[in-house]
Structures are given as C-alpha cells and as structure tokens.
Amino acid sequence: MVLISKQNRRMILEHIFKEGVIVVKNDGRASRHNELEEVPNLHVMMVCKSLASRAYLSEKFNWQWHYYFLTNEGIEYLREVLHLPPQVFPSTLTKQRATRAVLAGADTAGASGGDWGKGKGKGK
C-alpha cells in the first residue's frame, strides 16, 4: 500500500487531464517520473493503476512501459474531481488548426516560376 499526498495526486490527475495520455515506466524504484519531475514514479504507477481498474483509463503495456489513455468516463470523472467546466477538454481531443499565414505563404512560393525543381529534362 502506497500513501500518496493530495498534492502529488492532484498533479498527476491534472497532467492526465491536460495531456489525455500518460506514459509510465514499469519501475517502482525510480525516484522520479519522466514527465512529472516532482512526483515519484511509484505514485504515478499506483494512481494510473487505480484509474485503469475503474475503467477511467485504458492501458497498453509494451516493453516495460505502461501507456494509459483517458476514456470518456475518465474525462467526466476528472472534471468532477478537479472542478473543471464542461468546456475544457484534453489536448488529445482538441483539433490543431493551421494558421492562414502559413497556408498563404505556401501558395505564393510556387507562383514565382523562377525556381524550378530537380526534375529531369529541364534545359536539355
């Protein structure tokens, strides 16, 4: 049995909700987690194991690493625990939007006509 402080537990839950995923090495003796430097790896393992047993996280295990993914039920549970509004979502569920400036620059680059590619047959 591992006693985890409220501060460490809250840091772990906030990180899981913010990212939507977490990776934990299967090493209980590691002094620090690779993403959360202030929290021991054993605490992260136990919190994720507890959430996975309640079906709030889905787990994949490969080459001594646990990969945990947040489920829809887990999102609702973490919103209740962390007192978050329903408009906030993990970063895995938010879509990345391309900016117009980047797309506009790509359109004008090909229109100049002076820069030719490295294709065969040009000028020969």
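**Group meeting: walking through the fold**

Okay, let's start with the sheet: β1 and β3 (residues 65-70) run antiparallel, and five bridges join them. Two strands count as paired if DSSP finds at least two bridges between them. One of those contacts to look for is K25, whose bridge partner in β3 is W65.

Before I go on, the usual caveats. This is a predicted model, where local features need pLDDT of at least 70 and side-chain atom pairs count only at pLDDT 80 or more, while totals for chains, interfaces and linings use all residues. Numbering runs from 1 along each chain as its sequence is written, and side-chain values use heavy atoms, with hydrogens and water left out.

The overall layout, then: four helices and three strands, in the order α-β-α-β-β-α-α along the sequence. Helices are DSSP runs of H or I with at least four residues, strands are runs of E with at least two, and both are numbered from the N terminus.

Back to β1, residues 21-25. Which of its side chains are buried? I22 and V24, which point to one face, whereas V21, V23 and K25 point to the other and are not buried. By buried I mean under 20% relative accessible area; exposed is over 50%, partly exposed is in between, with a 1.4 Å probe and protein chains only. That alternation is what a regular strand does with the two faces of a sheet. Across the protein, buried residues make up 26% of the 124.

Now α2. Its 13 residues should span 18 Å at 1.5 Å a residue, and the end C-alpha atoms are 18 Å apart, so that agrees; the expected span is 1.5 Å times one less than the number of residues. Its buried residues include V44, V47, C48 and L51, and their cover includes α1, β1, β2, β3 and α3. Just after the helix, A55 has a positive phi of about 65°.

Over in α3, the buried set is G74, I75, Y77, L78, R79 and L82, packing against α1 (6-19), α2 and β3. Contact here means heavy atoms within 4.5 Å. H83, just after α3, also takes a positive phi, about 55°.

Last thing: the whole structure has one aromatic pair. Y56 and Y77 are stacked, 4.4 Å centre to centre with 10° between the planes. Rings of Phe, Tyr and Trp (its six-membered ring) pair if their centres lie within 6.5 Å; planes under 30 degrees apart are stacked, over 60 edge-to-face, the rest tilted. Y56 sits in the loop between α2 and β2 and Y77 in α3, so the pair ties together parts 21 residues apart in sequence.
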